[in-house]
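Biologist: I am new to this structure and should be grateful for a guided introduction. May we begin once it is displayed?

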Amino acid sequence: MEILWAGQLTDRKLPFLILDLMRKYPDLKDKVNFTILGSGPRKTLLMKALEDSKFDNIKILDQVPFNKVENIMLRSHFLLHTSYREAGTHIVPEALSSGLPVICHAISGMNLTIKKSNGFKVELISYSHSIKTIASYLYEVIENPNLVSEKSSGAISYAKLNSWNNMVETFRKDYLNVKK
C-alpha cells in the first residue's frame, strides 16, 4: 500500500509520526510505503532520523512540481494528513479530486470534509492514540483491499459535489428562489 504525506515539515504537521508509527508497528514495513513530500525547518532532522531508523519503506522527496505531485497522488492509495492545527488545507481537496482518500485528524476543515465514504478520521486525543488509530486503519485496508476503491469512489463523489461548477449552480438556484 502506498501512502502519501505532503506538507511543510514543521512540528504542527507531525511528520515524525510516520517514523514513530513504524517503530511501534514494524510489521507494517513490508506492507506499507510512505512518500513524504515537502520541505521546512524540520527536514534535516527528519532526514537524519529516517537514516538512523533504517526504514527503507519511507522516502522523503523535496518540493516537487505540481504535475509530479499529481502523478504521485495517482499512484498512492491514501493521503495521510497528520496535522493537528489547521483551519483548512489545499492538499485534502486536491487529494479528493484525484480520487485519493484521506486519513486525517478529526479537526477543523478536515473534520467537515472527510466522511466515512472518502477516508478515515482520527480523534485528536493524544499522540499515541493517533499512532494506534492510524495503524488500525492501515491494517483494516491491508485486510480489506476493496476499501481503497470504495473510499476512492467516495473521494471522487465528494469532489464532484463540491466542485466550483456545482457550488455555482447551487448558488444560482438559491438566488432564483430568493428572488421569487
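Biologist: Which residues of the helices H3 and H4 should I look up for the lining of the second largest pocket?

Modeller: This is a predicted model, in which local features need pLDDT of at least 70, side-chain atom pairs count only at pLDDT 80 or more, and totals for chains, interfaces and linings use all residues. Residues are numbered from 1 along each chain as its sequence is written, and side-chain values use heavy atoms, with hydrogens and water left out. At least two lining residues come from each helix (a DSSP run of H or I, at least four residues, numbered from the N terminus). The stretches to look up are H3 (66-75) and H4 (91-97).

Biologist: How many strands does the open sheet have, and in what order?

Modeller: Strands are DSSP runs of E, at least two residues, and two of them pair if DSSP finds at least two bridges between them. Strand S3 (58-61) and strand S6 (119-122) each pair on one side only, as edge strands. The pairing is parallel, and the six strands have the order S3-S2-S1-S4-S5-S6.

Biologist: Which residue in S2 is the bridge partner of Trp5?

Modeller: Strand S1 (residues 2-6) runs parallel to strand S2 (residues 33-37), and five bridges join them. In S2, the partner of Trp5 is Ile36.

Biologist: How do the residues of the pocket lining divide into nonpolar, polar and charged?

Modeller: Ala, Val, Leu, Ile, Met, Phe, Trp, Tyr, Cys and Pro count as nonpolar, Asp, Glu, Lys and Arg as charged, and the others, Gly among them, as polar. For the second largest pocket, the division is seven nonpolar, eight polar and four charged.
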